[in-house]
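Hi,

Here's the structure I said I'd pass on. Have a look at it first, and then read on for what turned up.

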Amino acid sequence: MLELSRITAGYERRAPVVRDVSLTVAPGEAVGLLGPSGCGKSTLARVAALLHRPYSGTVVVDGRAAHGWRHRAPREQRTAFGVVFQQPRLSADPRMRLADLIAEPLRATGRRDEAAARVDELAGRVGLSAELLRRRPHEVSDGQLQRACLARALVLRPRWLICDEMTAMLDASTTAALVAVVEDYRAESGAGLLTVGHDSVLLDRWCDRTARWEDLASGAG
Amino acid sequence: MADTLSRPLRIPRLSLSLSGAVVAAVVLVALFVPVLFPVDEQAVDLAAKLRPPSWDHPFGTDEVGRDLLLRCVHGLRISLLVGVVAALVATVVGTAVGALAGALGGWADRVVMRVVDLFSSVPHLLLGIFVVAMFRPGIWPVIASVALTHWLSTARIVRAEVLSLRSRPYIDAAVVGGASRWRVTVRHLLPGVLPQAGLAAVLMVPHAIWHESALSFLGLGLPAHQASLGNMVQAARGSLLAGDWWPTLFPGLFIIVPTLAVAGLAASWRDRLNPRRRSELTL
């Protein structure tokens, strides 16, 4: 289970964007989080991925409460998540070739020897050719870069996937392709999904359950 | 209209190739001329003291009859050595301190930056004089003095850049991917600040040369007999008052021209880093 209870978080203590929000995702479940832009749903997603420390509230991942965020979270807790962000341009280190981008989490966790095989396999899944893998982020399109970012999110075989507006910058066919990759991975691994967006048609078709921000947030405006 | 618009574009390009040529020439002269023409630059010829420029002595001679062209070239060699080594040391120290402060954040950042503020609040020529005063005159105390007073600005630049990079989503992605603090710093943050740090290093070379000249001019830098540009300008003060302009002019030009050339190179490099920023010469 991924359990977020009574989370209050934001960037200014006096005016938190997330107020007293609770949300639970069961293993294997796909939950869509629907809300207008600026409402705080991305912040909640960052709290869930242990990237942003909330002012109050608890996050319990597979029965273990999170005590630290970012680098203070134990590595195996951090890497239980795969995160895909809204803007591929900003979520890729501009100096890394796509192949290195995808392999980086394996190298960072000391599993360098698996990298080549894993990158080949994932590149096939997300539809990146060997030629594209040799390019740097500024030499590929947003859609191609987002494919690489999804591959990077899957490379450590996470138990939880968090997609923060993953498809907001993409065209319909790339959106469909990436959603299919996520669903294939979930079918074989049983990973849970929290996907954040403002497109209710997409979220309703993609997810088992769609939570509306205004229903979740008791105090948020 | 079209003409006035194209003019600001043409000037930096000219200055880029001109600065490049001057810097290349200065480096080649400083490196090779003393090796190819091993003439003693300390050779005194009291019979030929304070001669104006001529075929035998293109830059003239100084107050004890030493050839000024020869001494300028040797002075340039020493000044470049001081400038480049001091700039390198200052850049390495500044980058390390700035990256540490920026990457750790919190208390470590506050403490480190207050130390930087403390050092910056003392006029750095004064601080530099304090450092050379603790040692015997020589080239290494001068390098240490210049390096120790110049890492501060690099530390500030690098810290600011690290702070801005740290909040990018690709750093979040690295954290989720299991990267340690060290790995995030070395693999993602440092490579991102290297262009800025390199630019700061290049701009620091002429500044360090000025500093060496200033210390030598005050009589605190290199030993008085050594052919450094600062020493030469200092020694020439007396003869300038007597109307002999050449012992001041030529070493002065040897300080100013390479300085402008390096600044021109650095300015065009900075414009390439950020095309929106206007080109201006600041030292």
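A good place to start is the pairing of A:Glu104 and B:Arg183, which form a salt bridge with their closest N and O atoms 2.8 Å apart. Bear in mind that this is a predicted model, so please treat that distance as computed.

That pair belongs to the contact between the two chains. The rule finds four salt bridges across the interface of chain A and chain B, along with 10 residue pairs in polar contact. On chain A, the elements that each supply at least two residues to the side touching chain B are helix H2 (75-78), strand S6 (81-84), helix H3 (88-91) and helix H4 (98-108). H4(A) has the largest share of that side, at four residues. By class, the side comes out as 11 nonpolar, four polar and 11 charged residues. Overall, 26 residues of chain A are in contact with 20 residues of chain B, and the two chains bury about 1900 Å² between them, with 55% of it on carbon and sulfur atoms.

Now for the empty space. How many cavities of 30 Å³ or more are there? The count by this rule is four. The largest cavity has a volume of about 100 Å³, and 13 residues line it, with A:Arg152, A:Ala153, B:Ala173, B:Val176 and B:Gly177 closest to its centre. S6(A) gives the most to this lining, three residues, and by class the lining divides into nine nonpolar, three polar and one charged.

You'll meet A:Glu104 again in the second largest cavity, which holds about 80 Å³ of space. Its lining has 13 residues, and A:Glu104, A:Arg152, B:Ala173, B:Ala174 and B:His188 lie nearest the centre. Here H4(A) provides the largest share, four residues.

Last, the pockets. The largest pocket has a volume of about 1400 Å³. It is lined by 44 residues, and those closest to its centre are A:Arg46, A:Leu51, A:Arg70, B:Arg166 and B:Asp172. Chain A's helix H1 (41-48) gives two or more residues to the lining, as do helices H2 (68-104), H5 (139-166), H6 (169-176) and H7 (181-217) of chain B. H7(B) has the largest share, seven residues. Sorted by class, this lining has 21 nonpolar, 13 polar and 10 charged residues.

Cheers

Definitions and conventions: Residues numbered from 1 in each chain as written. Chains lettered and ligands numbered in written order. Predicted model: local features only at pLDDT ≥ 70, side-chain atom pairs only at ≥ 80, totals over all residues. Heavy atoms only, no water. 1 Å grid on protein atoms, 1.4 Å probe; cavity = no way out; pocket = protein on both sides within 12 Å on 5 of 7 lines; lining within 4 Å. Points joined across faces, edges and corners; volume = space filled by probe spheres on them. Nonpolar A, V, L, I, M, F, W, Y, C, P; charged D, E, K, R; others polar. Contact = heavy atoms within 4.5 Å. Buried area = accessible area lost by both parts, 1.4 Å probe. Salt bridge = Lys/Arg side-chain N within 4 Å of Asp/Glu carboxyl O. Polar contact = N/O pair within 3.5 Å; in protein donor to acceptor, adjacent residues only side chain to side chain.
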